[in-house]
Amino acid sequence: MMFLDNFPKNLRRHYIELGLRQDEAAARCKITPQYFRQIMKGEKVPSLTVFINICIGLGVSPHEMLGYHPTEFEALCTARRQEIIWRPIQKPKR
């Protein structure tokens, strides 16, 4: 998942910068410490709701948590939308 490649590394960096332990960071993000560790290890990918709770809990914008500058993030989103819009529709194989 292109957008989440830097997420575990940035998650670790942000909670350490706040001087939090993993269990404290997890509590702020409204998730269990076990789930927090699984996300940190890249074993689990958070839902959008959990991702937003993590950003709010650590006081970090979504683009920062993903490791992108706002304009770079907007360019990636625009490129992805264009890719989806211009993808040829394929008929299901029977």
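# Salt bridges and buried residues in a helical protein

R21 and D23 form a salt bridge in which the closest N and O atoms are 3.1 Å apart. This comes from a predicted model. R21 also meets E24 in a salt bridge, at 3.3 Å from N to O. R21, D23 and E24 are thus linked in a network of salt bridges. As for exposure, D23 is partly exposed, at 36% relative accessibility, and E24 is partly exposed too, with a relative accessible area of 30%.

The structure holds 3 salt bridges. Besides the pairs made by R21, there is one between R13 and E17. R13 and E17 both sit in helix 1, 4 residues apart, which is about one turn of the helix. R13 is partly exposed at 38% relative accessible area, whereas E17 is exposed at 55%. The table lists the salt bridges with their N to O distances.

| Residue pair | N to O distance |
|---|---|
| R21 and D23 | 3.1 Å |
| R21 and E24 | 3.3 Å |
| R13 and E17 | 3.3 Å |

The protein as a whole has 6 helices and 0 strands, and along the sequence the pattern reads α-α-α-α-α-α. It has 94 residues, of which 29% count as buried. The accessible surface comes to about 6800 Å², and carbon and sulfur atoms account for 57% of that surface. Among contacts between residues at least 6 apart in sequence, 52% join residues at least 24 apart.

Two buried residues show how parts of the chain meet. H14 belongs to helix 1, which spans residues 7-17. H14 has a relative accessible area of 9%, so H14 counts as buried, the limit being under 20%. Not counting residues up to four places away in sequence, H14 touches L58, V60, E64 and M65.

C29 lies in a loop, between helix 2 (22-28) and helix 3 (33-40). The relative accessibility of C29 is 0%, and C29 therefore counts as buried. Leaving aside neighbours within four places in sequence, C29 is in contact with F36, N53, I54, G57 and L58. L58 is thus among the residues touched by H14 and among the contacts of C29. C29 and V50 are 21 residues apart in sequence, and their C-alpha atoms are 7.7 Å apart in space.

Conventions: Residues numbered from 1 in each chain as written. Predicted model: local features only at pLDDT ≥ 70, side-chain atom pairs only at ≥ 80, totals over all residues. Heavy atoms only, no water. Helix = DSSP H or I, 4+ residues; strand = E, 2+ residues; numbered from the N terminus. Buried < 20%, exposed > 50% of the residue type's maximum accessible area, 1.4 Å probe, protein only. Contact = heavy atoms within 4.5 Å. Areas by Shrake-Rupley, 256 points an atom, 1.4 Å probe, with all protein chains shown as cover. Salt bridge = Lys/Arg side-chain N within 4 Å of Asp/Glu carboxyl O.
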